[in-house]
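Let's take a walk through a structure together, one stop at a time. Keep the 3D view open and turn it as you read.

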Amino acid sequence: MSQAASLPASQEQLGPPERLHPLYLLTGLGQSVRGAWGLMAGGAVLAAQGRWWLAILLVAGSAVFSTVALLVGWLKLEYRVGPHEIRIDSGWLSRTSRAIPFDRVTDVDLEQGPLHRLFGLARVKLETGGSAGGKAEEGVLHTISLERAEALREHIRSRRGKADPVVASVATDDEVEPIFAMDLKRVLAAGVFNFSLAVIAGLFGITQTMGDAIGFDPFERSFWVGLLTQSAPLRDTIIEHQIIAAAAGTLILLLLGIGTGVVRTLLREYGFRLDRTAAGFRRRRGLLTLTDVSIPAKRVQATILASGPVRRRFGWWELRLQSLAQDGGKGDHVVAPLAHEDEADAILGSLHWKSGVNPASWRPVSRAFVTSFVGILVPAALATIATLPFLGPVGLAWLAGAALAIAARWIDWKHTRFALEHGGLFIETGWWRHRRSMIPLIKIQSIDISESWWSRIFGICTLRLGVAGGTGFSDHHVPALSRAEAQILRAELLT
Amino acid sequence: MTAFAIPADIQPVEPSYRNALRARAAVFWVPIFIGSLILDRALLAATPFAGLIPTLVGALALSGMILAPDRIYRRLGYAIDGRLLRTVRGWLFHTDTIVPFVRVQHIDVMRGPFDKLFGTATLVVHTAGTHNSVVTLPGLSPERAAEIRDAIRSEIRADVD
């Protein structure tokens, strides 16, 4: 912790004032249009009411206003680059002068939207540890030329604390073999696994509630009959069997869900390329919007390998690094969206973190992981059985669901274990959402052992680790340890 | 791998912390009790349920003001050695937290109005962790809180040098 880094306050030490690229007026326009959708909606309502003049006045007025606002914003924003800090002065009515010391900059991210790429521009984001919540725009230069952005990044990297070695020039990276890359086939495969049940459920809900109004309900015979008028035999089958219409409807929703996943993944992960630089990793990806993110190895707090039951069957894993900064406000940095185990190991190996665990050192968690869960369900299940004659099929469905939940819990338990090796804690949890995390002992900030009155009956507690970074929703913990085991593990973690 | 001993000599916090808890509970419960009385008079006076709600709320309030602080106090403890701070609290939801001094980012000693009234202070330890980044230890005497703060601070400084 080098709190004592000198902050040059005087103007002379800073470089000349610079402005954003004039094309910011163009690239920024998209943002203000997006911001003014309320006005657009208002205009549409007025137009629908036939008050055309008012509508045109409103839209034209807002267009003029946002253009002027952009122009003023551009005129009033200046940034100065010094040897140890960057100063960004912005605003007209309320003026802000923000100084960001390079010592505190964790990542320098470049992002290029379609317009940026057309004109060779880039958006620069300076991530500091303080932005962990990702709420405020800490240091964003919206549009500057790509060369200036890369020069700025080089400058910041080379000036940042003495502990960091000077990074080799970025330009030479391209000739070096990337440590991990995804071709189009791999990206599409990742997209297939990325299908979202939420989208399917949402579509199902919409077709059920509004299908009649919008004329799209693949669960209705009429939908398919209309569609298949040319093919008489198919149409007749559907008229006879409602079940086929239902099956076809399910199929269509599934396809839509997969399609959404593929498109989303393709947009985000196209041309995925991960390079190992002297100080850490450099990740480039994107189809329309290119992002270029650097992840300093020193700031990595934990590694997470995640997979689902289907993906695991194919040997696919997603590798994320929990870092001090967040990945554009979206949590951990994904460094390999879909990789084989050996590829993930290669990435982890380049961190000099050992990943293989001696099979003998795995330790299971208590069986009470399952029994404490069953204990909650059993009274409810007994009550259901007692009142089954009144509940009917609903009660049966509930019982089946409970049995399934218990089975899933048991499979989860089978897949949960932990090990302490190579100076790190390895935790594997879950079956449906399988996660293998690794936390080096020196990155552990605090240790909690917690139990509730319920878990006390079963004699188990949870050991929870405080680790920097991450989203807070996904903490690292070992569930269902006996009190003695938990205390032993805690003592071992503190060595 | 030699495991360091975890400090096991759990010390209780200041007994006057019970009074601070009682005062805090009173501030919470008295307005609710008054509210339930008004509600009872205004709406339920003519029904057979008259007096039921204030009785229930009053019983809850009394247990919250008399019994609960004692129990909270009995379950709250801390232990400290040259490297670790350990806080233990709760029964219904029991937590046992350990923070190594070298992981502490900054330390607050807080004194609210009730703390000042009853001569206690709260030690707040901030770590870099996302989960459990703020560890609080209430009910210390102000001198003891300052003492612990200085112990942690000197440890952090030793780490930086």
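Which residues does T95(B) touch, not counting residues up to four places away in sequence? Keep in mind as you look that this is a predicted model. The residues to find are D448(A) and S450(A) in one chain, and R89(B) and G90(B) in the other. T95(B) itself sits in strand β4 of chain B. Is T95(B) buried or partly exposed? There are 18 other C-beta atoms within 10 Å of T95(B), so the residue counts as partly exposed. You can also compare sequence and space here: L76(B) is 19 residues away from T95(B) along the chain, and their C-alpha atoms are 9.9 Å apart.

Now let's step back to the meeting of the two chains. Here 23 residues of chain A are in contact with 24 residues of chain B. On the chain A side, the elements that give two or more residues are β18, β19 and α17. Strand β18(A) gives the most, with 8 residues. Sorted by class, this side of chain A has 8 nonpolar, 9 polar and 6 charged residues.

How do β18(A) and β4(B) run where they are joined? They run antiparallel, and 6 bridges join them. One pair you can look up is S452(A) and F93(B), which are bridge partners.

From β18(A), we can move on into chain A. Strands β18(A) and β19(A) pair in the antiparallel sense, over 6 bridges. In this pairing, S450(A) stands opposite T462(A) of β19(A). You have met S450(A) already, as one of the residues that T95(B) touches. Next comes the pairing of β19(A) with β20(A), which is antiparallel and has 5 bridges. Here L463(A) has V478(A) in β20(A) as its bridge partner.

Why can we say that β19(A) is largely enclosed by the rest of the structure? Of its 8 residues, 7 are buried, so the strand is largely enclosed.

While you are at β20(A), look for A480(A), which is found in this strand. Its phi is positive, about 50°, although A480(A) is not a glycine. A480(A) counts as buried, with 25 C-beta neighbours inside 10 Å. Another residue with a positive phi is H422(A), whose value is near 50° and which is also not a glycine. H422(A) is placed in the loop between β15 (417–421) and β16 (424–429) of chain A. With 16 other C-beta atoms within 10 Å, H422(A) is partly exposed.

Our next stop is helix α17 of chain A, which covers residues 483–493. Its buried residues are A486(A), L489(A) and R490(A). If you look down the axis of α17(A), these buried residues fall within an arc of 100°, so they line one face of the helix. What covers them includes the strands you have just visited, β18, β19 and β20 of chain A, together with β4 of chain B.

Finally, let's look at chain B as a whole. Its secondary structure comes to 4 helices and 7 strands. Following the sequence, the pattern reads β-α-α-β-β-β-β-α-β-β-α. The radius of gyration of chain B is 21 Å, well over the 15 Å that the globule rule gives for 161 residues, so the chain is more spread out than a compact globule. Along its principal axes, the C-alpha trace spans about 75 × 35 × 30 Å. Buried residues make up 25% of the 161 residues in chain B. Of the contacts in chain B between residues at least 6 apart in sequence, 57% join residues at least 24 apart.

Chain B is divided into domain 1 (17–72) and domain 2 (77–160). Their C-alpha centres lie 32 Å apart. The contact between these domains takes 6 residues from domain 1 and 8 residues from domain 2. On the domain 1 side, helix α1 (residues 17–44) of chain B has the largest share, giving 5 residues. By class, that side of domain 1 has 3 nonpolar, 1 polar and 2 charged residues.

Note on methods: Residues numbered from 1 in each chain as written. Chains lettered and ligands numbered in written order. Predicted model: local features only at pLDDT ≥ 70, side-chain atom pairs only at ≥ 80, totals over all residues. Buried ≥ 20, exposed ≤ 12 C-beta atoms within 10 Å, placed from the backbone. Arc of directions from axis to C-beta. Contact = placed C-beta atoms within 7 Å. Rg over C-alpha atoms; globule rule 2.2 N^0.38 Å. Nonpolar A, V, L, I, M, F, W, Y, C, P; charged D, E, K, R; others polar. Pairing = 2+ DSSP bridges. Domains from an automatic or database assignment.
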